[in-house]
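Visitor: I'm new to this one, and I'd rather see one part properly than everything at a glance. Please pick a spot, take me through it slowly, and then follow the thread outwards.

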Amino acid sequence: LYKGSAKDFLASVRDKLSKNEKMFIVTANPEAFIYGQQQQEVEALLLDEATTVVADGIGIVKGAKKIGVEVEERLPGIDIAENLLQYGNELEKSVFFLGAKQDVIDALCAMVEEKYPSLKIAGAVNGYVDDKDAVFEEIKKLKPDIIMVALGIPAQEKLIYKHLSDFEKGIFVGVGGSFDVLSGTK
């Protein structure tokens, strides 16, 4: 569990993005850890050294404190998503969106093209496709710098983790309902 400040974390994400490094971010709320107790696959990805787990909610910050782990502050997934779009724009990187409904994806892409004109949209696929593994095969070919998956926890994390070792670079993050908020549909 990441214990430092949001500012320091976001700076490290930007640094990894600028250096074309790979990073898998899990924005954990209490539900994430419950899934970790119930599903061996989720436990494995949460405990993997290749995974960076951040406290998405205050429940994780308070729970960590109760067991003697000091977490400086919470870092909501929406903040990570917004900063990734900004950094991607500044660094002229590319992004792939997977998840949500088609109208949300369309609105999200329109917002990105308007607000982040230097961020290339490598691809965008709604979350209702049957073969999400085939989508990841396409993502592998496109080699985007940022991969945001909005399928809900733990499906998004499990899908990313399943394919993570096939990538040499990319900032991967499960963003839950963030597409709805970022696109302005909610």
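Guide: Let's start with a bit of vocabulary: a residue is buried when its relative accessible area is under 20%, exposed when that value is over 50%, and partly exposed in between (1.4 Å probe, protein chains only). Asparagine 20 has 38% relative accessibility, so this residue counts as partly exposed. Before going on, a word on the numbers: this is a predicted model, where local features need pLDDT of at least 70, side-chain atom pairs count only at pLDDT 80 or more, and totals for chains, interfaces and linings use all residues. Residues are numbered from 1 along each chain as its sequence is written, and side-chain values use heavy atoms, with hydrogens and water left out.

Now back to our spot. Asparagine 20 sits in the loop between helix 1 and strand 1 (22-28); helices (H or I, at least four residues) and strands (E, at least two) are DSSP runs, numbered from the N terminus. What is the sign of phi at asparagine 20? Phi is positive there, about 55 degrees, although the residue is not a glycine. For background, most residues other than glycine have a negative phi, and most peptide bonds are trans.

Alanine 100 also has a positive phi without being a glycine, near 65 degrees. Alanine 100 belongs to the loop between strand 3 (94-99) and helix 6 (102-115). With 14% relative accessibility, alanine 100 counts as buried. And there is a cis peptide bond too: it joins isoleucine 153 and proline 154, with omega about 0 degrees. Proline 154 lies in the loop between strand 5 (146-150) and helix 8.

From the loop at asparagine 20, step back to helix 1. Two packed helices are described by the angle between their axes and the distance between the axes. Helix 1 (residues 6-18) packs against helix 5 (residues 77-90) at an angle of about 40 degrees, and their axes are 10 Å apart. The axes are lines fitted to C-alpha atoms, for helices over the stretch in contact, and the angles run from 0 to 180 degrees between N-to-C directions. Helix 1 and helix 5 are therefore oblique to each other; under 35 degrees counts as roughly parallel, over 145 as roughly antiparallel, 65 to 115 as roughly perpendicular, and the rest as oblique. Their crossing is right-handed, meaning that the near helix is turned clockwise from the far one by less than a right angle, while anticlockwise would be left-handed. Phe9, Leu10, Val13, Arg14 and Leu17 of helix 1 meet Ile80, Asn83, Leu84, Tyr87, Gly88 and Glu90 of helix 5. By class, this contact of helix 1 with helix 5 has seven nonpolar, two polar and two charged residues. Here Ala, Val, Leu, Ile, Met, Phe, Trp, Tyr, Cys and Pro count as nonpolar, Asp, Glu, Lys and Arg as charged, and the others, Gly among them, as polar. Contact, by the way, means heavy atoms within 4.5 Å.

Helix 8, past proline 154, has a partner as well. Helix 3 and helix 8 (residues 155-163) pack at about 65 degrees, with axes 10 Å apart. That makes helix 3 and helix 8 roughly perpendicular to each other. They cross in a left-handed way. Glu41, Val42, Ala44 and Leu45 of helix 3 make this contact with Glu157, Lys158 and Tyr161 of helix 8. In the contact of helix 3 with helix 8, four residues are nonpolar, none polar and three charged.

Helix 3 (residues 40-47) packs against helix 2 (residues 30-38) too, at about 120 degrees with axes 5 Å apart. Helix 2 and helix 3 are therefore oblique to each other, and the crossing is left-handed.

One last stop, at tyrosine 116, in the loop between helix 6 and strand 4 (120-125). Tyrosine 116 is buried, with a relative accessible area of 10%. Leaving aside neighbours within four places in sequence, tyrosine 116 is in contact with Glu82, Leu85, Gln86, Asn89 and Met111. Tyrosine 116 and glutamate 92 are 24 residues apart in sequence, with their C-alpha atoms 9.4 Å apart in space.
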